[in-house]
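Good morning, and thank you for giving me a few minutes at this meeting. I would like to take you through one protein model, and I ask that you keep the sequence and the structure in view while I speak.

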Amino acid sequence: MNGVQELKNNGENSVQHEKLMVIGAGPAGLAAALYAARAELQPLILSGLQLGGQASLTHTIENYPGFPEGVGGAELGELFQKQAERFGARLEFDSVDKVDLSQRPFIVNTYGKQYSADSLIISTGANPNLLNIPGEKELTGKGVSYCATCDGWFFKGKDVVVVGGGDSALEEGLFLTRFANTVTIIHRRDELRAGAILQRRAQENPKIKFVLNTVVTAVVGEKAVQALKLHNVKTGEDSQMATDGLFIFIGHTPNTQLFKGQLTMDDKGFIVVDTLMHTNVPGVFAAGEAADPHYRQVITSAGMGAAAAIQATHYLEEN
Ligand code: NAP
C-alpha cells in the first residue's frame, strides 16, 4: 500500500496522511529517506528552502568516502536525492511552519498544506553563525568560509584569518596550518574561550598568531577576499589587514525553533537524542546537525539519518 492517504479534517480541509515524514533534505534527511524508502515506507521529505543542506554550499567535498577525486557539494546532494527517489522516496520543496507532536498521528503544517504522520524524522540541520558584516555574504565561497575541513586545501601556502575564540576556532585554525602559510586568530576579547589543551597547542604552533580584543568590521575584495577591516575594542583603533581567506567559527545555531517546547533540547537548541536517534517523543527521531553539536560532517549526518530511519521502521512495525 502507498504511504499516502487522504484524511478529512472536520469534513473541511483535506489532510494528507503519511507513514513517515522527513523534515529537512540535507545528508541526514536524504540518507534517512533512502533507508526508509528501501523499507517500503515511501517517505515524504519536505526539503525546506535549502535542498542538500549546508553541504550543498561547499564547493568540493573531499572527505566523503567513495569519491576519491572529491565531489561537488550540490552534486552530492543531487545524487543522494536521486538514490532515495529511485526506491520510492518523494520530495516536496515546502517549508514547515508548525508541528504538533502532542497528538498521534503527528500534525505537520506547511504554509499551504496540512499533513498527519505516524512517524517523523527531523533533520533540519544547523547554520553557522554569521558575523553580519559588509562583504561577508558577497565573498562567501570566494575566500570567506565556515568550514576549514571543506575549504582549507584551497589555501595552500596562503595567509588566512580565523575569527572566534572557542574550541572550533582553535581546532579549525590548527587544521588550517596544514595548508596555510600563516593563520591569524582574531578574537573579540583578551581571553580565549577554548579549552586549555587546544589553547596550548595553538600557542605553540609557529604558524598561528593571535590578534586579541579585536573585531572584524568588513571584508574587502571584489572577486576574492583581499583584506579585512579591523577595530580594536580596547584602544578604539581601526586598521586594515591583508589576507587571502576568512574562516568564521563563532558557533552554530541549529534549525530547531519549530520544535521548541515539544522536544527536549540542550541549552544551545540542539535536539537531544539517545544513541538510537530517539527524541523524548516516541515516534519522533532526529538526525544530523539539528541533533549533533560535535561532528558536523556529511558522513556523520548521513549515518545518523540511516540510523533514524532504521529505528523509525522498527517503531512503525511495532505500532
Ligand atoms: P563557542 O564555544 O560558542 O565559541 C564561539 C566563539 O565565537 C567564542 O569565542 C565567542 O566569543 C566568539 N563569538 C561569538 N559571536 C561572535 C561575534 N559576533 N563576533 C566575534 N566573535 C564571536 O562555539 P564553538 O567553538 O563552535 O564550540 C561549540 C561547542 O562545541 C562548544 O561546547 C565546544 O566546546 C564544542 N567543541 C568542542 C571541540 C573539541 O572538544 N575538540 C571542538 C569544537 C567544538 P566569546 O568567547 O567572547 O563569547
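I shall begin with the ligand, continue with one helix, and then turn to several single residues.

Please bear in mind throughout that this is a predicted model.

Let us start at the ligand. Its surroundings are made up of 15 residues, and the closest are Asp167, Ser168, Glu171, Arg189 and Arg193. What kinds of residue form the shell around the ligand? Four are nonpolar, six are polar and five are charged.

Three arginines deserve your attention here. Arg188 places a polar side-chain atom 2.9 Å from an oxygen atom of the ligand. For Arg189, the distance from a polar side-chain atom to a ligand oxygen is 2.7 Å. Arg193 likewise has a polar side-chain atom 2.7 Å from an oxygen atom of the ligand. On its own, the ligand has 900 Å² of accessible area, and the protein covers 70% of that.

Let me stay with Asp167, one of the closest residues to the ligand. Asp167 belongs to helix α4, which runs over residues 167–176. Is Asp167 buried, exposed or partly exposed? With a relative accessible area of 44%, Asp167 is partly exposed. Asp167 also has a partner from elsewhere in the sequence: Arg193 is 26 residues away along the chain, yet the two C-alpha atoms are 7.2 Å apart in space.

Now to helix α2, residues 73–86. How far apart should the ends of this helix be? At 1.5 Å a residue, its 14 residues should span 20 Å, and the end C-alpha atoms are indeed 20 Å apart, so expectation and model agree. The buried residues of α2 are Gly73, Leu76, Gly77, Phe80, Gln81 and Ala84. If you look down the axis of α2, these buried residues fall within an arc of 140°, and therefore they line one face of the helix. Turned away from that buried side is a face with the exposed residues Glu78, Lys82 and Arg86.

I turn next to the backbone, where one general remark is helpful. Most residues other than glycine have a negative phi, and most peptide bonds are trans. Against that background, consider three places in this model.

The first place is the peptide bond from Arg104 to Pro105, which is cis, with omega near -5°. Pro105 sits in the loop between β7 (96–100) and β8 (106–110).

The second is Asn132, which is not a glycine but has a positive phi of about 60°. Asn132 is in the loop that connects β10 (126–128) with β11 (144–145). Its relative accessible area is 60%, so Asn132 is exposed.

The third is Met277, also not a glycine, whose phi is positive and near 70°. Met277 occupies the loop between β19 (252–254) and β20 (284–286). Is Met277 buried or exposed? Its relative accessibility is 9%, and a residue under 20% is classed as buried, so Met277 counts as buried.

Finally, I would like to compare positions in sequence with positions in space. Leu120 lies in strand β9, residues 114–122. Its relative accessibility is 0%, so Leu120 counts as buried. Where is Phe285 in relation to Leu120? The two are 165 residues apart along the chain, while their C-alpha atoms are separated by 6.1 Å.

Ala37, in helix α1 (residues 27–38), is likewise buried, with a relative accessible area of 3%. Between Ala37 and Leu20 there are 9.7 Å from C-alpha to C-alpha, at a separation of 17 residues along the chain.

My last residue is Asn319, in the segment after α6 (298–318). Asn319 counts as exposed, at 63% relative accessibility. A polar atom of the Asn319 side chain lies 2.8 Å from the backbone oxygen of Tyr315. From Val220, by contrast, Asn319 is 99 residues away in sequence and 57 Å away in space, C-alpha to C-alpha.

To close, I would ask you to return to two views. In one, find Arg188, Arg189 and Arg193, each with a polar side-chain atom by an oxygen atom of the ligand. In the other, look down the axis of α2 and find the one face that its buried residues line. Thank you for your attention.

Technical notes:
Residues are numbered from 1 along each chain as its sequence is written. This is a predicted model: local features need pLDDT of at least 70, side-chain atom pairs count only at pLDDT 80 or more; totals for chains, interfaces and linings use all residues. Side-chain values use heavy atoms; hydrogens and water are left out. A residue is near a molecule or strand if one of its heavy atoms lies within 4 Å of it. A polar contact is a pair of N or O atoms within 3.5 Å; within protein, one must be able to donate a hydrogen and the other to accept it, and residues adjacent in sequence count only if both atoms are side-chain atoms. Accessible areas come from the Shrake-Rupley method with a 1.4 Å probe; for residues, only the protein chains shown count as cover. Ala, Val, Leu, Ile, Met, Phe, Trp, Tyr, Cys and Pro count as nonpolar, Asp, Glu, Lys and Arg as charged, and the others, Gly among them, as polar. Helices (H or I, at least four residues) and strands (E, at least two) are DSSP runs, numbered from the N terminus. The expected span of a helix is 1.5 Å times one less than its number of residues. Buried means under 20% relative accessible area, exposed over 50%, partly exposed in between (1.4 Å probe, protein chains only). The arc is that of the directions from the helix axis to the C-beta atoms.
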